[in-house]
Amino acid sequence: MKLIIGITGSTGVIYGIRMLETLKKLNIETHLIMSEWGEKCIPMETEFTSDYVKSLATNVSDEKNMASSISSGTHKVDGMIIAPCSMKTLAAIANGYDDTLVARAAGVTIKESRKLILMVRETPLSAIHLENMLKLSRLGIVILPPVTEFYTKPKSIDDIVNHGVGKCLDQFDIEHNLYPRWGTL
């Protein structure tokens, strides 16, 4: 399996980082793109460096490199996850405004009928945000905000992050043990 992972400038970069850590352990090929603000959020929100995050990916492309392999539908991948997905990125994708490689790769994912998961991060949501999400949902894009469940009684931020990442991986039928399944407690 090959997945594109986008990390954009919305709070919650730990979701993208944990996604990469998990996919690396599972030997799943990844192609990382970080927006300028996604990269800037790493030291603001975590103890990690952008070099560490890049080291987790199989391939890395600069968000300004519109000639990257993933900007073309002829580059075969199984899908894309943007974690976190800023409202700016959501708006760009919803309106076909491919001004960055993250938006372009998402647009290619849509046009090639591949699975696209957007871990949107914002609260409260405006009518504009909701309309953009609805527009994409109607196209089959999965809108997956990192909403915590409490039936597993999470004891740490890691438990909460793992649940969000696990829900994304479930969309690709990727086996993991990031959280207990309902009925197994």
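## Close-up views of a predicted model

At 25% relative accessibility, Arg104 counts as partly exposed; here buried means under 20% relative accessible area, exposed means over 50%, and partly exposed lies in between, using a 1.4 Å probe and protein chains only. This is a predicted model, in which local features need pLDDT of at least 70 and side-chain atom pairs count only at pLDDT 80 or more, while totals for chains, interfaces and linings use all residues. Residues are numbered from 1 along each chain as its sequence is written, and side-chain values use heavy atoms, with hydrogens and water left out.

**View 1. Arg104 pairs with Asp98 in a salt bridge.** The N-to-O distance between these two side chains is 3.5 Å. A salt bridge here is a side-chain nitrogen of Lys or Arg within 4 Å of a carboxyl oxygen of Asp or Glu. Asp98, like its partner, is partly exposed, at 26% relative accessibility. Side chains of opposite charge can pair when their charged atoms come close. Across the whole structure, the search finds seven salt bridges.

**View 2. Arg18, Glu21 and Asp158 form a network of salt bridges.** Where in the chain do Arg18 and Glu21 sit relative to each other? They are three residues apart in helix α1 (residues 13-25), so about one helical turn separates them. Helices are DSSP runs of H or I with at least four residues, strands are runs of E with at least two, and both are numbered from the N terminus. An α-helix has 3.6 residues a turn, so residues three or four places apart point the same way. The closest N and O atoms of Arg18 and Glu21 are 3.1 Å apart. Arg18 counts as buried at 12% relative accessibility, and Glu21 is buried too, at 15%.

**View 3. Lys111 and Glu112 join in a salt bridge.** Their closest N and O atoms lie 2.7 Å apart. Are these two residues buried or partly exposed? Lys111 is partly exposed, with a relative accessible area of 47%, and Glu112 is also partly exposed, at 31%.

**View 4. Ser61, in strand β3 (residues 59-62), reaches two other side chains.** Ser61 makes a polar contact of 2.7 Å with the side chain of His31, and another of 2.7 Å with the side chain of Ser68. A polar contact is a pair of N or O atoms within 3.5 Å; within protein, one must be able to donate a hydrogen and the other to accept it, and residues adjacent in sequence count only if both atoms are side-chain atoms. With a relative accessible area of 10%, Ser61 is buried. Beyond its neighbours within four places in sequence, Ser61 is in contact (heavy atoms within 4.5 Å) with residues including Leu32, Ile33, Met34 and Leu101.

**View 5. The largest cavity has nine-residue walls that include Ile4 and Arg114.** About 40 Å³ of space lies inside this cavity, and the structure holds one cavity of 30 Å³ or more. On a 1 Å grid over the protein atoms alone, a cavity is a set of points where a 1.4 Å probe fits but cannot get out, a pocket is an open set with protein on both sides within 12 Å along at least five of seven lines, and lining residues have an atom within 4 Å of a point. Grid points are joined across faces, edges and corners, and a volume is the space filled by probe spheres set on the points. Helix α5 (residues 101-111) gives the most to this lining, with three residues. By type, the lining residues are five nonpolar, three polar and one charged. Ala, Val, Leu, Ile, Met, Phe, Trp, Tyr, Cys and Pro count as nonpolar, Asp, Glu, Lys and Arg as charged, and the others, Gly among them, as polar.

**View 6. The largest pocket contains about 320 Å³ of space.** Of its 17 lining residues, Ser35, Glu63, Lys88, Thr89 and Thr100 are the closest to its centre. Six lining residues are nonpolar, six polar and five charged. Which helix supplies the largest share of the lining? That is α4, with three residues.

**View 7. Helix α4 (87-94) is largely enclosed by the rest of the structure.** The reason is that six of its eight residues are buried, among them Met87, Leu90 and Ile93. The buried residues of α4 pack against β4 (79-85), α5, β5 (115-120) and α6 (127-137). After α4 comes Gly96, whose phi is positive, near 65°.
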